[in-house]
Amino acid sequence: MSETVDSARAKARAARSRLESTASTVKNRFSPAVLKLAAIDSAKQKAVGIALGAVKATRSRPLIVAGILAGTALALLHKPIIGAIRRRKKENDDG
């Protein structure tokens, strides 16, 4: 009977040791610093993938990409462009 109890205690100690090791590993993997570095690395990889896709698209269809960029620029800058045209028109009308 004593051997059975000793064997059970040894198994319990081994199981406790494995559990503590697993808990320590999980704690280290999910620390804020490790999570931050993993997020930064993932974002870098995605950015590189997007950039490579953009380069590939630009090389295969340069006119379409130029049109999209021009349209985007006009959409973003339409107010300053219209303001400049109005100022220029007003200067020509006054002068």
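The protein chain in this predicted model puts about 8700 Å² on show, and carbon and sulfur atoms supply 64% of that exposed area. Very little is tucked away: of the 95 residues of the chain, 1% count as buried.

The overall layout is quickly told. The protein chain holds three helices and zero strands, and reading along the sequence gives the pattern α-α-α. With a radius of gyration of 33 Å, against the 12 Å that the globule rule gives for 95 residues, the chain comes out well over the expected value and is therefore more spread out than a compact globule. The C-alpha trace tells a matching story in its dimensions, spanning about 110 × 35 × 15 Å along the principal axes.

Helix α3 deserves a closer look. This helix runs over residues 62–94 and bends by about 70° at L77. A proline, P80, follows within four residues of the bend. As for its surroundings, just one of the 33 residues of α3 is buried, so the helix lies largely in the open.

There is also a nonpolar patch on the surface, made up of L74, L76, L77, I81 and I85. Together these side chains' residues offer about 500 Å² of accessible area. L77 thus turns up twice, as the site of the bend in α3 and as a member of the patch. Another patch member, I85, also lies in helix α3. I85 has a relative accessibility of 54%, and because the cut-off for exposed is over 50%, this residue counts as exposed.

How values were computed. Residues are numbered from 1 along each chain as its sequence is written. This is a predicted model: local features need pLDDT of at least 70, side-chain atom pairs count only at pLDDT 80 or more; totals for chains, interfaces and linings use all residues. Side-chain values use heavy atoms; hydrogens and water are left out. The bend at a residue is the angle between axes fitted to the seven residues ending there and the seven starting there. Helices (H or I, at least four residues) and strands (E, at least two) are DSSP runs, numbered from the N terminus. Buried means under 20% relative accessible area, exposed over 50%, partly exposed in between (1.4 Å probe, protein chains only). Patches are made of residues with over 30% relative accessible area and no salt bridge: like charges are joined within 9 Å, nonpolar side chains (Val, Leu, Ile, Met, Phe, Trp, Tyr) within 5 Å. Accessible areas come from the Shrake-Rupley method with a 1.4 Å probe; for residues, only the protein chains shown count as cover. A salt bridge is a side-chain nitrogen of Lys or Arg within 4 Å of a carboxyl oxygen of Asp or Glu. The radius of gyration is taken over C-alpha atoms; the globule rule is 2.2 Å times the number of residues to the power 0.38.
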